[in-house]
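Please read the following report alongside the sequence and the model, and look up each part as it is mentioned. The text moves from sheets to cores and then to single residues.

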Amino acid sequence: ESNYVSEHLHEWIDLIFGYKQTGEAAIDALNVFMYCSYETAVDGNTIDDDVTREAIDSMIQNFGQIPSQLLTEPHPPRQTREQATFQLESQGRPSHIFQNLNNIKAFFVEILPHEEKLFNPIIYISIPKNQLRSFIHQGIPDVLITINTHGVIGNNGWHPYDRSSNNFFTFERDPTLLSERNRLNTTAPFSPSIDINSRLFAVSHDAKFIYSGAHWDWSLRTYSITKAKTINSIVHHTDIITCLTLDSTGYILITGSRDTTCIIWYLTLNEQDSTTFTSPKITLYGHTAEVTCVAVSSELDLVASGSLDGTCNMYTMEHGIYVRTLRPTNSINDPIVNLKVSDERHILIQTEHDDTHLFLYSINGHLIRTRKFEYHVVDMLLSDQYIILAVNHSSPIEKRSESTSSSSSSTQTSAVIARVIIKDMFEMITIQTIRLRTEINCLYLTKDYSHLLVSVKDGKLFVLTAGKKRAPRRLSKFEK
């Protein structure tokens, strides 16, 4: 509902159900109808004349009847979005980041030790889905899981939103990251032929297990954070797992592989010994090259997979039935490198060859919008009505150096310009841009849309959140 509707909704209630329905207030508001339309004006059971009773019944059936009057006093106006946001903040809840895009604040925290910042950057971030109080209430710290390019796991503490704090949060780094001997590590080596990225990991909703691919032996591995060891390794693909994702329930896992197939796995959790068992349910076929990305929506009963062959295949999640194939560019030279599925029945596809393109489709395969970009999109999120892009863009810089012979020479170097770009989903128009000083690795958006976490190459974690607002005031009748 638009802001205009919210501001005037009480006036409509006054006319239909309120004090302007009858009496002098109704006359002043030009809200008067035929007498027989009012609920208590005529009782058809008391009319003896059949012709008169039929005439009144016909008028009511053709022109309608006034609803029951529920209110005899003016209905109070509804709060504006700004007033409701301030009330949530005053109760200890951060504001929705998309509702305050012009007042985004950026903070950063150190996660990796100084000597590892440049060599082993964080490429995966996750906050457990079952933490109901995440970033909302004060109390016990939440869990923030991080994984770097060498598989080192950080089980960090994240204090929720504190309305009395100027920094919006307090971060506690996992102490095991400081000692090489005590670090949690996925232990299984990754294949040297694959770039380690965020699409190769998934964390269970209770933050007890990590599922990982990209291993040289083609296995899907389950790592127990509480036991600090690998507890499960299953080989079902016939090549390296190149991507995986969990559904919203936490019990369905989808993997994609270089063997051109995807597999739907069922996860069974055993609470007594804290172990997890995975069993392949359905194998999905249809690609002719490596699967690069997968997305799943249990609400829509949909699995989508993108491939180096330039196609996006869609299947039902429950039975694995093939639905359709999307070919954004009709060329095998434009591989699909990433895709996202929204709960609003939209699919966002990224292709990259010489240029980066984004394609927005409906769930029925209708192309809604496409855009070409001159920069490299590292990661992307699709949420509500917005697209969030992590962009690294190289920009040439000319440096001049003076020689001893009083002549000067110039050399060109390139600097990376990193940005977080928020776009409207349907028009793909840029709404907000946040510039960062170093390259971006991955993005993560909290489930309440209050914080956007950005991992960068120098070992920092940037946190973007909506700034605090002053209490909005209502306009007086003279100001209106």
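In this predicted model, one open sheet is built from 4 strands that follow the order β7-β8-β9-β10, with antiparallel pairing. Its edge strands are β7 (201-203) and β10 (229-234), each of which pairs on one side only, and the twist from one strand to the next averages 20°. Within this sheet, strand β9 (residues 220-224) pairs with β10 in the antiparallel sense over 5 bridges, and the bridge partner of Arg 221 in β10 is Ser 233.

Another open sheet also has 4 strands, in the order β19-β20-β21-β22, and here the pairing is antiparallel. Because β19 (336-341) and β22 (367-373) stand at the edges with a single partner strand each, one side of each is left without a neighbour in the sheet. Neighbouring strands of this sheet are turned against each other by 15° on average, if direction is ignored. Strand β20 (residues 346-352) and strand β21 (residues 356-362) run antiparallel and are joined by 7 bridges; Phe 359 in β21 is the bridge partner of Ile 349.

The two strand pairs described above can be set side by side.

| Strand pair | Bridges | Direction | A bridge partner pair |
|---|---|---|---|
| β9 and β10 | 5 bridges | antiparallel | Arg 221 and Ser 233 |
| β20 and β21 | 7 bridges | antiparallel | Ile 349 and Phe 359 |

These sheets belong to a protein chain that has 4 helices and 29 strands. Of its 480 residues, 48% are buried, while the chain exposes about 24,700 Å², of which carbon and sulfur atoms supply 50%. Among the contacts in the chain with a separation of 6 or more, 51% are between residues 24 or more positions apart.

Which residues touch the most other members of the largest nonpolar core? In this core of 21 residues, they are Ile 388, Val 420, Leu 436, Ile 440, Leu 452 and Val 454. The elements that give two or more residues to this core are β24 (386-402), β25 (408-424), β26 (430-436), β27 (440-445), β28 (451-456) and β29 (460-466). Apart from this core lies another one, of 17 residues, among them Tyr 124, Ile 153, Phe 190 and Ile 196. Returning to Val 454, and leaving aside its neighbours within four places in sequence, its contacts include Val 420, Leu 436, Ile 440, Phe 462 and Leu 464.

Two single residues complete the picture. Is Val 291 buried or exposed? Val 291, which lies in strand β15 (residues 291-297), is buried, because its relative accessible area is 0%. Beyond the residues up to four places away in sequence, Val 291 touches ten others, including Thr 242, Cys 243, Gly 256 and Ser 307. Of these, Cys 243 is 48 residues away from Val 291 in sequence, yet the two are 7.5 Å apart in space, C-alpha to C-alpha.

Asn 31, in contrast to a residue in a strand, has its place in the loop between α2 (23-28) and α3 (50-63). Asn 31 counts as buried because its relative accessibility is 9%, which falls under the 20% limit for that term. A polar atom of its side chain lies 3.0 Å from the backbone oxygen of Leu 15, and Leu 15 is also one of the residues that Asn 31 touches, together with Lys 20, Gln 21, Ala 26 and Tyr 38, when residues up to four places away in sequence are not counted.

Definitions and conventions: Residues are numbered from 1 along each chain as its sequence is written. This is a predicted model: local features need pLDDT of at least 70, side-chain atom pairs count only at pLDDT 80 or more; totals for chains, interfaces and linings use all residues. Side-chain values use heavy atoms; hydrogens and water are left out. Buried means under 20% relative accessible area, exposed over 50%, partly exposed in between (1.4 Å probe, protein chains only). Contact means heavy atoms within 4.5 Å. A polar contact is a pair of N or O atoms within 3.5 Å; within protein, one must be able to donate a hydrogen and the other to accept it, and residues adjacent in sequence count only if both atoms are side-chain atoms. Accessible areas come from the Shrake-Rupley method with a 1.4 Å probe; for residues, only the protein chains shown count as cover. Two strands pair if DSSP finds at least two bridges between them. Axes are lines fitted to C-alpha atoms, for helices over the stretch in contact, and angles run from 0 to 180 degrees between N-to-C directions. A nonpolar core is a set of buried Ala, Val, Leu, Ile, Met, Phe, Trp, Tyr and Cys residues joined through side-chain atoms within 4.5 Å.
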